[in-house]
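Student: I have a model open and would like to go through it step by step. Can we start with how the chains meet?

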Amino acid sequence: MAGSSEYTGVDFYDMDSLLSEEERAVRDTVRQWVTEALIPVIGPAYIEGRFPKELIAGMAELGLFGANLPEEYGCAGLNNVAYGLIMQELERGDSGIRSFASVQGALVMYPIHAFGSEEQKQYWLPRLASGEEIGCFGLTEPDFGSNPGGMITTARETADGWVLNGTKMWITNGSQATVAIVWAKTGAIDDPKSVRGFIVPTSTPGFTGKDQHGKLSLRASDTSELHLQDVHVPKDALLPHSGGMKSPLKCLTQARYGIAWGGVGAAMACYDEARRYAMNRVMFDRPIAATQLQQERLAEMLTEITKGQLLSLQLGRLKDRGTMTPQQVSLAKRNNVNMACEVAREARRLLGANGILIEYHSMRHLANLESVYTYEGTHDMHSLILGQEITGIAAY
Amino acid sequence: MKIAVCIRRVPDTTAKITIAGGGTAIDPAGVKFVINPYDEFAVEAAIALKEAAGAGETVTIALGDDSVQETIRTTLAMGIDRAVHLQGTGSADGLATARVLADHLRGGGYDLILFGKLAVDDYGQQVGPMVAELLELPCATAITALEVADGSATVEREIEGGTEVATCPLPAVLTCDKGLNTPRLPGLKGIMAAKKKPLEVVPVEAAAGQATIVSLALPPERPAGRIVGEGAAAVPALIEALTSEAKVL
């Protein structure tokens, strides 16, 4: 399995034979783009704590944003397995860059496509696909993370539109977004059924987004707080087909689906780095790959990655068939991201002292994955979702 | 302007190659096949010329078994308009392959016929110039720059210690080298569109070649690298090794 210096993925079970020609072509294109465009800039951007904006145009040109949405709206019209492979390959580069694409596609374009009017779809989707508009998704609040239904952001109807008030937190792309999908209660504050979605251009007076500083994870990604103070939007800012908490939760299912694939991509990157390092690093006059401890590490990584690959692929086939359940997504997100955390940690340890340097990737992935473990439904919340699925009893 | 791009499907340069039983061919099992990297320069040149002109037609032509259609679709995904699959067995003899291609290209009305300067699977470097000869067209090999204007092509070629500029009237056959351009990645919409573009299959009978492969051998395995130390402290040991062992200093 030793080979050239170029990244060629991890495929111990001939997963390629389970993919169509088109799915492989999509995967190969994104893999090559990550190698050529993303990898060279990610280390410095991470250290500087800067989202590499220069990558947006390239991602848009390849058609990565909302790639599983229809061609009539300027999207690529891919199936969900191909979409998942895009997320896998992006996260091979960096979880923050994958997060950017997840938010743009699954949390901004998806709700407009699923809950928007035809006019909203025709106006917004092509602009978001081309990267002309950058979106963010405002659901989580400072005191409402795992329990978003408790949100206190409100939307009050006026004669000519809506007035939004509230604060959103942990919002990826928040400070650079030109448009936000904001979820707010249109009825009583204890009525989660009154939650509706709004398309809010971030230039609207009263809207401010500011970076959250001091992050030790996802440093190449913007994470922001959104403040909405008497933000007036017209009537057609409302997503007409949104209604209740199930609408934002459907968006999260889309994003989590991509994350289940992304986790595998990050794990593949770490395993690949660890394997190469073990083959080349000589200690006690032989490569450390010749030691049983490191071989056990690598064997464990390869095993867990292979299991995760099969999991995400079958999840994708279920999604394409239209039978995928949110609980199945929970299982894959929970397993694959946790697996990626473990693989990244072991890879970093195998790399010894070098493993703490930015020129290697495993520790960056490890730090990123702690966020991925926590966002889009924490690992623990997914345990409880599965627990409820198994027993019929909600424990949260 | 009508441009033909002749491509070949080759093993990925990162693939681990084993030689099949019989010793005259590689074992394709588990090997990823890709478009010949030099052919990508030809594909990019064709697409860019058409884009610059705002009109014209680009056609991919490939000889091989049905597996070559996947490689053909890569070029359609990059932006080539349509393709012809010359369905038959490729030959180790460049002339046999060139004859099949020339027979198809003759009368096709092409202004430019582009090739990679060589295919990385056999390094033959024969087919492009042979097609030019068979069609009695001018040929420039291993071009690193190309301009087309007023019915003629002006090319640059890297020669020992300098650059040669040459010109010839169209139609012409050109083979493309690294440096000519940066091939684009096939975008996702392109990949989806490739399925819908015309791909004509033409069964062909290749003449028996006169040259045959007698045997293939892998290069001897390179010995493992050695880390002589780290940081500035490694410099004396490195100089010693480069002087007395590698003898490059």
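Student: How many residues of chain B are in contact with chain A, and how many of chain A with chain B?

Tutor: This is a predicted model. Contact here means heavy atoms within 4.5 Å. By that cut-off, the chain A side of the interface has 27 residues, and the chain B side has 16.

Student: Which three residues supply 37% of the area that chain B buries against chain A?

Tutor: Between them, the two chains bury about 1,800 Å². Carbon and sulfur atoms carry 57% of that area. On the chain B side, no other three residues supply more than this trio: Leu185(B), Leu188(B) and Met192(B).

Student: How many salt bridges does the rule find across the interface, and what is the N to O distance between Lys195(B) and Glu22(A)?

Tutor: A salt bridge needs a side-chain nitrogen of Lys or Arg within 4 Å of a carboxyl oxygen of Asp or Glu. Across the interface of chain B and chain A, the rule finds 6 salt bridges. Lys195(B) forms a salt bridge with Glu22(A), and their closest N and O atoms are apart by 2.9 Å.

Student: Which element gives the largest share of the side of chain B that touches chain A?

Tutor: Two elements of chain B give two or more residues to that side: helix H2 (68-78) and helix H5 (188-194). The largest share is 4 residues, and it comes from H5(B).

Student: How do the residues on that side of chain B divide into nonpolar, polar and charged?

Tutor: Gly counts as polar in this scheme, while Asp, Glu, Lys and Arg count as charged. The side of chain B that touches chain A then divides into 6 nonpolar, 2 polar and 8 charged.

Student: Turning to chain A, what is its radius of gyration, and what does the globule rule give?

Tutor: Chain A has 10 helices and 9 strands. For its 396 residues the globule rule gives 21 Å, and the chain's own value is close to that, so chain A is as compact as a globular protein of that length. Its radius of gyration is 21 Å.

Student: Is Ser221(A) buried or exposed?

Tutor: Ser221(A) is in the loop between strand E6 (207-211) and strand E7 (223-234) of chain A. Leaving out residues up to four places away in sequence, Ser221(A) touches Phe51(A), Gly96(A), Thr172(A) and Lys215(A). The cut-off for buried is under 20% relative accessible area. Ser221(A) has 5%, so the residue is buried.

Notes:
Residues numbered from 1 in each chain as written. Chains lettered and ligands numbered in written order. Predicted model: local features only at pLDDT ≥ 70, side-chain atom pairs only at ≥ 80, totals over all residues. Heavy atoms only, no water. Buried < 20%, exposed > 50% of the residue type's maximum accessible area, 1.4 Å probe, protein only. Buried area = accessible area lost by both parts, 1.4 Å probe. Rg over C-alpha atoms; globule rule 2.2 N^0.38 Å.
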